[in-house]
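Here's a quick briefing to keep beside the viewer. Have a look around the model before reading on.

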Amino acid sequence: MGKNEREENRFDPENHNQEEEEKKKQLKEEELSVERIFENHEVPSWRKQLTVRAFVVSFVLSILFSIIVMKLNLTTGIIPSLNVSAGLLGFFFVKTWTKLLHKSGLLRQPFTRQENTVIQTCVVASSGIAFSGGFGSYLFAMSERIAKQSTDTLDFKKLSLGWIIGFLFTASFLGLFSVVPLRKIMIIDFRLTYPSGTATAHLINSFHTPQGAKLAKKQVRELGKFFTFSFLWGFFQWFYTAGDNCGFASFPSLGLKAFDNRFYFDFSATYVGVGMICPYIVNISVLLGGIISWGLMWPLIEDRKGDWYSADLSSGSFSGIQGYRVFIAIAMILGDGLYNFIKVLSRTLLGLFHQLRYKDVSSELPVADHSSGVSSQSQLSYDDKQRTQLFLKDQIPIMFAVGGYVAIAAISMATLPHIFHQLKWYYILVIYIFAPALAFCNAYGCGLTDWSLASTYGKLAIFIIGAWAGAAHGGVLAGLAACGVMMNIVSTASDLMQDFKTGYLTLASPRSMFVSQIIGTAMGCVISPCVFWLFYKAFNNLGQPGSQYPAPNAVVFRNMVLLGVKGFSSLPKNCLLLCYVSFGAAILINLIKDLAGKKWGRFIPLPMAMAIPFYIGSYFAIDMCLGSLILFVWEKINKAKADALGPAVASGLICGDGIWTLPASILALAGVKPPICMKFLSRGNNAKVDKFLGS
């Protein structure tokens, strides 16, 4: 046998092994492929994905989720991701609808995952206005009710449903047009993950497989069970709240001293559910922040009453203890926000540099109508080929996006100064010049980290426009209004890109996603103000410290703009020093957390979460930690079941308690009061009892 023949024979087994490996790899890819499961299902055109039933269901769910987000906004401002709940409930409602039509022989179009994605997009866009509309932050901060709690009681705007709706319609759509031309570079070229959008897409895809449909039925059953329990629990509690400080929410479960320092379990199903959804570190951070502030700092500062601040001041005065609570919280929030802003911005710029340099993309960013920068089709998996092909099929013309942005910007510049006389047209022009770049940064950063910095960009606008306008020219209202414009732009931009990612992974057309987002935003511009108005009229103590709905962020935003306009002269003694310490501590904690790496960094608390109870107390932190404990024990007993059903149980608790708020508000407006005031012994009542027994 010749040398060449021996060498050929020697290499044959290796070639054979390589072929076997390639076959195994191909088989494994086919097993893992999502789109092969759906390859026999026709993908409907973008127009057929936008069905009447989808938007009817979206409207109903938008009301539900707007009430929930509004309640969370006005209590603590902590809002968990509700994408999973929106996708699950959308699937349940339409699946029930189509099943009934199928039995009656009237079903014309089956329910597809693309239609499910349209519903989820519309609902999240609509309920998102309840957050970006500022009902618990900048918009409510303009009101006389919040102004009376600050050092400046003159600069306020009388709230009216008409101008609120007009403002939202003017400010909420611009962000949608600002990043549309760059959707291809975000989703396909840079392949950004958008974790929430990806998770929602996987959930929707799983619903429409036989195994996933069975799991979805179990999830809906659990959600319905805990929804009913939560709703009835809210109804039961209502009977005992005929007066102030009545009911289970005022029960000193951890003792009277702890209750005085706002440490107690308030029996809120909503925040138990929120605790089950939020990561453990968020809940622990909130509790730790409450212990540091209400357990240590505030009692120590109150001991210096008469030295650091006048002993004659009320507990709600911003020249006294309330000033320390609010401004130290603001300092920690700003420190955390600044650190993360710089971190995300630097990651964004480094990521862009890396993408543009190493992928040989031209210095001009590729936009949706261009074909540059698409990965070679031979390098893509079957799923990626299908998704890329359909994602690039239905284009949204660049001129439509640019023209829409310019037209809406022109309308806003003409309209907003009539709503807010203090907000001059040139302030708005400056915001709109820089807004697309900031919207892109926020959308890109959100794709990397799943963290939207909308409120941080809003605070940036507060300080810049507030200081520019000055106190003499209505800087307070100008700064708050500018915050609203900026927050709406950057928030809707990142939300839209999340939805494009979800659509990409479920083969939903970008056009249907864009139209659904516009319709959802329009719904939110009407639904959210109406829901807020219901709260505002039903609860006379809305926004008051210690009330059921204290709206802590409204007070924080109001005092932020006052700092920007008037400076630090109004702060009580040593407050500025403590603010510097808190600001630096927030940056240092974040730096240590990042340097420690994932292994140890996950045990280091989050300064932003720690700052929340500084002003309102730790009662909700007890609820959230109880939710975490329930989930932790459940995972130890049966992790698979906890992972599958935990989000559904949490959503049921949040939704049931949230929906009870609607009939409770209607009853309050109608003048119907609960029959019983169940009060627990306070320190004052204890003294009276001791005196009575002693006599």
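What follows goes from the whole chain down to the core, the cavity and one glycine.

This is a predicted model, so read everything below with that in mind. The protein has 30 helices and zero strands. Of its 695 residues, 53% are buried.

**Overall picture**

- On the secondary-structure side, you'll be dealing with helices, 30 of them, and the strand count is zero.
- Take the contacts with a separation of 6 or more: 82% of them are accounted for by residues 24 or more positions apart.
- The exposed area of the protein comes to about 30900 Å², and 63% of that is supplied by carbon and sulfur atoms.

**The nonpolar core**

- The largest nonpolar core holds 191 residues, and the members that touch the most others are Phe140, Phe167, Met186 and Tyr432.
- Helix α21 puts in the largest share of this core, with 18 residues.
- As background, nonpolar side chains in soluble globular proteins tend to be buried together.
- Phenylalanine 167 is a handy place to zoom in: leaving aside residues up to four places away in sequence, Phe167 touches Tyr138, Leu139, Leu416, Ile419, Phe420, Ala481, Gly484, Val485 and Asn488.

**The cavity**

- Empty space shows up when you roll a probe the size of a water molecule over the atoms.
- How many cavities of 30 Å³ or more are there? The count comes to one.
- The volume of the largest cavity is about 40 Å³.
- Its lining is made up of Ala125, Gly128, Ile129, Ser132, Ser491, Thr492, Asp495, Gln517 and Thr521.
- Three helices each give at least two residues to that lining: α5 (113–132), α21 (475–506) and α22 (510–538).
- Among the contributors, α5 has the largest share, at four residues.
- Sorted by class, the lining of the largest cavity has six polar residues, two nonpolar ones and one charged one.
- Helix α21 is worth selecting in your viewer, as α21 helps line the largest cavity and also gives the largest share of the nonpolar core.

**Glycine 323**

- Which helix holds glycine 323? You'll find glycine 323 in α16, which spans residues 321–358.
- Is glycine 323 buried or exposed? Glycine 323 counts as buried because its relative accessible area is 0%, and the cut-off for buried is under 20%.
- Along the chain, glycine 323 and lysine 573 are 250 residues apart, while their C-alpha atoms are separated by 10.0 Å.

Terms used. Residues numbered from 1 in each chain as written. Predicted model: local features only at pLDDT ≥ 70, side-chain atom pairs only at ≥ 80, totals over all residues. Heavy atoms only, no water. 1 Å grid on protein atoms, 1.4 Å probe; cavity = no way out; pocket = protein on both sides within 12 Å on 5 of 7 lines; lining within 4 Å. Points joined across faces, edges and corners; volume = space filled by probe spheres on them. Nonpolar A, V, L, I, M, F, W, Y, C, P; charged D, E, K, R; others polar. Buried < 20%, exposed > 50% of the residue type's maximum accessible area, 1.4 Å probe, protein only. Core = buried A, V, L, I, M, F, W, Y, C linked by side-chain atoms within 4.5 Å. Contact = heavy atoms within 4.5 Å. Areas by Shrake-Rupley, 256 points an atom, 1.4 Å probe, with all protein chains shown as cover.
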